[in-house]
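Q: Could you take me through this structure feature by feature, giving the general idea before each case?

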Amino acid sequence: CFHSSPALLARGDGQFGLRTPKREKYVRRENRTQPPVEAPYVPPKVKTVTKSSVDKTIDIFEGMTIVELAKRTGESLSSLQDILLNVGEKVESEFDPLSIDIAELVAMELGVNVRRRHSDEGAKLLGRPPVVTVMGHVDHGKTSLLDALRQTSLVEKEAGGITQHLGAFVVSMPSGSAITFLDTPGHAAFSAMRARGAAVTDIVVLVVAADDGVMPQTREAMSHATSANVPVVVAVNKCDKPAADPERVKLQLASEGLLLEEMGGDIQVVEVSAVKKTGLDRLEEALLLQAELMDLKARIDGPAQAYVVEARLDRGRGPLATAIVKAGTLVCGQYVVVGSEWGRIRSLRDMVGKMTERATPAMPVEVEGLKGLPMAGDDIVVVDSEERARMLSTGRKRKSEKDRLRKISEGRTENEESSEEVVERVEMPIIVKADVQGTVQAVTDALKSLNSPQVFVNVVHVGVGPVSQSDIDLAQACGACIVGFNVKNPPSSVTQAATRASIQIKIHRVIYHLLEDIGSLIVHKAPGTAETQVAGEAQVLSIFELKGRSKSKGDDVKIAGCRVIDGQVTRSSTMRLLRSGEVVFEGSCASLKREKQDVETVGKGNECGLVIRDWVDFQVGDIIQCLEQVVRKPKFVSSESGAVRIDC
C-alpha cells in the first residue's frame, strides 16, 4: 500500500492489510450419516505354476538364444533375463547363445521339464558295437544263453536261479567283433527294468523256450521293443529238450504280430540251446547282420552322453553307477551330473572290474565318485566346473521336490473328491532296502501293486544297502515293517533292537517269496468285510401257547416247537422266519429251551422250543434261520505269469 497509485488510494475499501476469510455457518453433510460402502476384498494375483506348464516338456540344445528359449517356454524376455541374473549368467543381448546347462537351469526355475538334444554336426562319426538287450519270460534261459556266449556261469550266483538285476557286459565273438549285452529280469515285478533295457538298446533278442511258448512277459517284452522302435531277433531256446516244439513257437509269435523271415517278414529266428551250446554261431551272425543293416555310428570326440542302467551302494567305494556310453568319451576326472546327483569321476571300471581311463560309445562302465546314489534310468551329463555341477544338481533336486509335493497335494484333492463312501482302510507302512537302485524300484512297484480297498501299502522309505539302526528308529517311529531284498542279514545288535521294539524284519532273496510273505502279512492285517451267513436252520413242527401269565411276566407267549435240520441254532443270534421261501420277519431270540432247560446252542437233529421277540404268528412248516455275522478276510492271488494282487 505504500507504493500504490492515487486511484487505488481513492478506493474506500477500509483498512489495508491481510483479510481474514468470512466465517460461514458449518452445515453437516447428509451422506456422512450413511455407512461406508463395503467393497469386496480382492486378493493380489499370485503367480502360480499351472498344471499345463508343469506337464510341459521342451527341447533344449547347446547354443540356443534367449529369444528361442522364451518362445518355447512361453515366458517374457524380461522374466528370463531376471532368472539369468539370479543364476549368475551375464548376457549382453537376447540373441547371445546360451549353454545347455544354463538353459536347463532357467527352464527348471520356470517349472518346465526339459529334454536335452545333442547335435553331431561337424563331429567325426565312427562305427560302434551294437547294444543288445536279452528279454523274455522268467526261466526261459536268458542268462544261461549269455553264459554260454561268454563262457561263464552267472545263473549259479542268482538266488533261485532267476535274474533279479539288470546286468551289462561286453562279449567278444569268435569273429573278433564285440557286442554289448544287457540281461533283463523276466519276472513280472521287474517291468521297469525291462523298459529301461529297451530304451538304451539297439537290438532286442527275444528268448522264447521251445517247450513253453509265448508267455505274458514275452508279450510285454515285445511291446517294450515295439514302443522303443527297436528291431527284434528271436532266439528259440531249449531246443535240446524232448518236449521242444520250435514250429509251434513260431506260429505263436506270428499270431502275436511278429513278421518272421520264414513267413515273408524281416525278423530273424534262430534255434539255439544254451545247455548244449548249439546254434550260438548262427545267433552271432544274425546279430552282426542286423547291426550292419542299422549302420551304427557314434561321435567319439567331445563330452560324453551316458545312461545309467543300474546303481548300488558299496561300503568301501560309496555310490556306484553302471552306465552305458551313448556318444562321446567319458574320462576320469570329469565333473558329471547324474539325475539330481553330482560328482567328479574318481575311477572307471569295466564289467570285469579292470580300471580304465576312458569309456567309448557302447561300452558299459562302473562310475565311482558320485556324491549320492542316482536313480536307474538317469542321464549322465558332463559339465565344465564343480560350481556348474552343484548348481545343476541343486536345481534338479528343488524341481523334483516341487513335483513330488504337487503330486501329493493333487492326490489328496482327488481322494477328498472321491471319498463319498467311507471305507475302513488300514495303512501298512513299509521300509524297503535292497542291494541296487533298480531292484529298490522294482520291489517298491511290486509292493504298491498289493494295494487294496482295505489295506494301503505305504512305502515310507527306500534305500540301498543293509538294514541299519537308523532304519529301526524310523520303523519304530512310524510302526513300519522292514523288507530287505538281496541284502546281508543285519548284525545281532540291529536284530535285538528290532526285537525289543517289536519290529518285523523280512529278508528275502527271491521275489516270489517276498511277495508271498508280504501278501500274507497284508491279509492278516486287513480288517475284512462283515458278512451275514446262515449258521443253522430249524423247521417248525408245532406251536405252543402260554396263556394267563401275570402282569410282571408280560402278555401271552407263543412258542415254536422246532427241529434243527442243518447247522446249529444259537440264542444270541438273529432269527429270520421264512414262509414258502419268502422272508416274513427278522428279530432277536427271546428264549431257547431244550427239555425245559435254557440253553445257548442246539445242534443238528435236536428239538427245541424257540421264542422270537415281537412275533407270535408262527405256522407249522415255517423255516427259522439262525444268522451270524462273520468277517471275511481278503485273499492273496498269484497268477501263472507272476503277477500278484489282493482280492477283497
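The dialogue below turns to confidence, then to a sheet, a helix and a single residue.

Q: On what footing are the residues numbered and the values computed?
A: This is a predicted model, in which local features need pLDDT of at least 70 and side-chain atom pairs count only at pLDDT 80 or more, while totals for chains, interfaces and linings use all residues. Residues are numbered from 1 along each chain as its sequence is written, and side-chain values use heavy atoms, with hydrogens and water left out.

Q: What is the average pLDDT of the protein chain?
A: The pLDDT is the predictor's confidence in each residue, on a scale from 0 to 100; for the protein chain it averages 78, and 81% of the residues score at least 70. Among the elements, which are DSSP runs numbered from the N terminus (helices H or I, at least four residues; strands E, at least two), helix α2 (residues 51-54) has the lowest mean, 49, and strand β14 (residues 335-338) the highest, 92. Residues 186-190 have a pLDDT below 50, although this stretch has 27 contacts (heavy atoms within 4.5 Å) beyond near neighbours in sequence. Residues 418-422 are also below 50, but there the corresponding count is zero. Where pLDDT is low, the predicted coordinates should not be read in detail.

Q: In what order do the four strands of the open sheet lie?
A: Two strands pair if DSSP finds at least two bridges between them, and here the order is β21-β20-β22-β23, with parallel pairing. Strands β21 (455-464) and β23 stand at the edges, each with a single partner strand, so one side of each is left without a neighbour in the sheet. From one strand to the next the twist averages 25°. Strand β22 (residues 481-485) is joined to β23 by four bridges, and isoleucine 482 stands opposite isoleucine 505 in β23.

Q: Which residues of helix α14 are buried?
A: Buried means under 20% relative accessible area and exposed over 50%, with partly exposed in between (1.4 Å probe, protein chains only); in α14 (residues 492-500) the buried residues are Val494, Ala497 and Ala498. They lie on the same side of α14, because they cover an arc of only 100° around the axis, taken from the directions from the helix axis to the C-beta atoms. These buried residues pack against α13 (469-478) and β23 (505-508), whereas Ser492, Thr499 and Arg500, on the other side of α14, are exposed.

Q: Is threonine 570 buried or exposed?
A: Threonine 570, in strand β26 (residues 569-570), is buried, with a relative accessible area of 17%. Leaving aside neighbours within four places in sequence, threonine 570 is in contact with Met575, Leu592, Glu600, Thr601 and Cys626.

Terms used
Axes are lines fitted to C-alpha atoms, for helices over the stretch in contact, and angles run from 0 to 180 degrees between N-to-C directions.
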